[in-house]
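User: I should like to learn how backbone geometry and chain-level values are read in a model. May we work through one together?

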Amino acid sequence: MKIVVIGAGVSGAHAALTLLERGFNVELWDVGRHEDSFPEPGVTFHELKNRLDDPVDYFLGRDLDALVPPGRGELLRYPPSRHFLASDKDPLWNFLSDGFAPLGSYHRGGLANGWGANALSFDEDDLAGWPVSFSEMDSAYRTVYARIPVAGPVHDDLSSQLAGSYPSQPPIRLSSADERLTRAYERKKSRLHGLGIRLGLARLAVVTDPQRKDACDYCDRCLWGCPKDSIYNPGRSTLQACESFEGFRYVPGRRVLSLVPGEGKITGIRFVDTGSGQTHVETCDVAFLAAGALETGAIFLRSLRAARPDISPETEGLMDTTVLKLPYVALSGIGRPPDSRSFQYNRLIMGILGEHGPWPRYLHAEVLHLPSLLYHPLIESMPFGSRLSKKLFFVLKSALGVVSLFFPDKITPGNRQVLVNAGEQREAVRLCYQEANEKSAYITQSVARVRAALWRLGCMPKGIIQSAPGAGIHYAGTVPMGEGIKRCDATGRSNLFANVYIADGAAFPSLPSKSISMSLAAHATRIARSARL
Amino acid sequence: MMMQGPLFPTWQIDEDEYRTVCAYLGISPKAHLYEKLSAYLASAPFRFKRPRGFALFLAGVRLTRFRLARMDQATRLFFPEHPVRHVLNCVIGLHECDGEGYRELASAPAGWRAALAIAGWLTGYGFALMVTLAWLGWNFLAYVAGTPFRREQNLAGKRILITGVNRGLGRDLMLHALEQGAEVIGTVRSQEALDNLAAELPREAPAWLLVADISQPGALPRVLTENRTQAEAIDLAILCAGVKHGGTSVLAMPALRETFEVNYFSTVDFANWFCAGNSRKSLVLVSSIGRWHGMHLTGGYNASKAALSIWGESLEMELRAVGKQHIDIMIVEPGIFESGMMKRSGVAKLLLTSRRDVAKQILSGAMAGKKSLRPPFWFAVLTWAVCLGGRNLRYRLFARIK
């Protein structure tokens, strides 16, 4: 039996590994680009400026594309030295956008090449409306946590809200700014609990055990690519585990377009050979779609058009988290010297608890004290001239922080992928998305609570930055679990094609606030484990 | 790269100004970072919003330490996307990538000194702001006073053909047109000239460069047609390429033929192609003030320009007669200016209009539908005065010129 898993991101890697563990032979098809290794391991972000031949080229890019021009309201641009992200400039990109600016990746490991490493599980409340119980997911979470090293506390104020989380590594070291904040939290705890606000240590898929060779060395370069491989990357560790099985075959250079329909099943897969640009069809017995919610939705729509031209080729849903950033100044941090080494991503998380209509009880936020970044956009965004802004900024630097809130999403009429049905762009997929109106009251209320909490913590909130729709990079719900031929059943099996499984976030019928990567891995594991092959 | 000064003076700064910016920000200037800054600012006209009105007026201010401090405060408050903001932001962005630069930028007082310093800075800011507002008010008055003499140009969406863009007036015309938002089709005589120019221009610049050796009959219309450019697609054509065989007798037939071919017949060739069709457009003929008088040892240059001016006038009459009034003809007769065809000497330097100013005048004149332009005007008046003196006077004056 020929089983093909499509996509080598976190979902594809865990689906493949689970199938291999069940004793099946597996082919993993992927576009399979890869990044070069990162320069100068062990050297910190700022030290790198002395070590590289052309640091401007590394930090800002040859044409200074990462320099944020004045008046743009952006706090940072993605490092130009990283190129695992794909967007509309990529020749393989085949999405048209309507108010939704998505990102994808054609690299081995997918978007997890640059994820924020926050590892959380969906609990009973997050899974409300799913045809899957928490206990079913939990056994998959346990498997996944055994595969992925996660750093986190044994117990803290958030533990009761974070069921299904099984850290195996000691927590990441806090910076001195984080420590000041946690001390303030301990003092004001009861008032903050009254607001429904809890602060805890981040749960991160990072190796921290100093005995291990790949342990984090706090070089402040997470965003620029972890040179020690401490942050979990499915394209490395999980695919390496797959490669230890004889029945595994990794097939790069293939971009899947659609599935070839037969009688209630598919008979093959249509793909582009990315080397030659030629389109081919190859037969297969079972396919696991794990190309990421956007690509999986697109593949499904093209297959749907081939199988059922009478049905309009649009998906049931399209979801993404709305990300909102609240910058603040921690008054106790003014004039403090910065730490020489730290972990660049957030080391603290915040839970905002409460009943909010259809939304889950837990709203996830990440608390980040600005470590090493390029600072010119922050300096330019201050209300003084460059000279004074620069001086003030470096005095305030250790005091600056930002709380990022991740608002959940649900399947909403109108938010969907639509396949272009005629003309030259027949293979292209349009992404239609509008922020749901009912979310805005929830957002306003939550922001007010976080602001009140920040004041209590001795921090002065300043401004609000909302990312454009699509920037959340938690895409989901394009072929969700449920009834109808555009959906899949509770085991991820497509209701249209009996031998196709939706193994990635496309199958999520709602999108909780919590970071999704661990749930993607757990979902893929559960689907691969229960598939009737 | 920057052999001939900044390409786009509204955006770019020269090395002295860069040193001023570094001193102002308390960082050490670095030649390799200045190069990157310059290249970045050269692409700015095609990436960012063009300043207008008073903001544009301020962009013309040469940056001294005092003016930079004023501009820094003023633009942050009133013009957040002003070119000087891009300059300061880019200098900080570049220097923070450099080990030493970052140390210089990041040095800050710590502990209780920080609070004192902040209080001091904010007080200083208040005083400086008062000076800035007074300075800004003064400049605003100067701006308002100059308004009647200034014509704002917006060439956005215009497609302009310019010949001879690799040097001299043609080059300045192209750069100015690009800075004002136009799309330029520029022709040069050789592939080598094209390659050099292309290497100098920022990649984003909407300039299509073509090789056309206009000493060959029919070359320009042929090259344009080969490159699928239609006469209707050009809003403005400026024929600026010219040759002058200095020190060559007016009897030297090969030089004379080439001079007439390039300066005169190529224009007739082009006009035949350009004046067909019904779209609204302008044709600018760059002649010379020398067309009013003869001159020895020029290989027939003055004669060719006289022919060009007279023919241009004739063409305009003819177009009117056949009802083609949608084509404006402007004849430019520049006098003495820094053109790259002359050597600059002491007195000449004082009297010369800058080439960039002449380019500005030609473009704004053409867009306003002017019929003739003779920059600098004082030189035209002088020339006419001499011409009125008759041939004897001209002979006595000009025959002595070596």
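User: Where is the place of B:Pro376 in chain B?

Analyst: In this predicted model, B:Pro376 belongs to the loop that runs between strand E7 (372-373) and helix H16 (377-388) of chain B.

User: What is the geometry of the peptide bond from B:Pro375 to B:Pro376?

Analyst: The general idea comes first: most peptide bonds are trans. The bond from B:Pro375 to B:Pro376 is cis, and its omega is near -10°.

User: How is the sign of phi to be read, and which value does A:Glu40 have?

Analyst: In general, most residues other than glycine have a negative phi. A:Glu40 is not a glycine, yet its phi is positive, at about 50°. The residue sits in the loop between strand E2 (26-29) and helix H2 (45-51) of chain A.

User: What is phi of A:Leu64, and where does that residue lie?

Analyst: A:Leu64, a residue other than glycine, has a positive phi near 55°. The loop that holds A:Leu64 connects helix H3 (55-60) and strand E3 (85-86) of chain A.

User: Is A:Leu64 buried or exposed? And what is the relative accessible area of A:Glu40?

Analyst: The reading rests on a cut-off: buried means under 20% relative accessible area. A:Leu64 is buried because its relative accessible area is 3%. A:Glu40, with 28%, is partly exposed.

User: Which residues does B:Asn302 touch, and where is its place?

Analyst: B:Asn302 is in helix H13 (residues 301-321) of chain B. Not counting residues up to four places away in sequence, B:Asn302 touches B:Gly290, B:Arg291, B:His293, B:Gly294 and B:Met295. With a relative accessible area of 7%, B:Asn302 is buried.

User: How many helices and strands are there in chain B, and what does its C-alpha trace span?

Analyst: Chain B has 17 helices and seven strands. Its C-alpha trace spans about 85 × 50 × 40 Å along the principal axes.

User: What share of chain B is buried, and what do its contacts show about separation in sequence?

Analyst: Of the 402 residues in chain B, 50% are buried. Among contacts in chain B with a separation of 6 or more, 72% are between residues 24 or more positions apart.

User: What supplies the area that chain B exposes, and how far apart are the mean positions of its charges?

Analyst: Chain B exposes about 19,200 Å², of which carbon and sulfur atoms supply 59%. For its 47 positive and 33 negative charges, the mean positions are 6 Å apart.

How values were computed. Residues numbered from 1 in each chain as written. Chains lettered and ligands numbered in written order. Predicted model: local features only at pLDDT ≥ 70, side-chain atom pairs only at ≥ 80, totals over all residues. Heavy atoms only, no water. Helix = DSSP H or I, 4+ residues; strand = E, 2+ residues; numbered from the N terminus. Buried < 20%, exposed > 50% of the residue type's maximum accessible area, 1.4 Å probe, protein only. Contact = heavy atoms within 4.5 Å. Areas by Shrake-Rupley, 256 points an atom, 1.4 Å probe, with all protein chains shown as cover. Lys, Arg positive; Asp, Glu negative; His and termini not counted. Charge placed at Lys NZ, Arg CZ, Asp CG, Glu CD.
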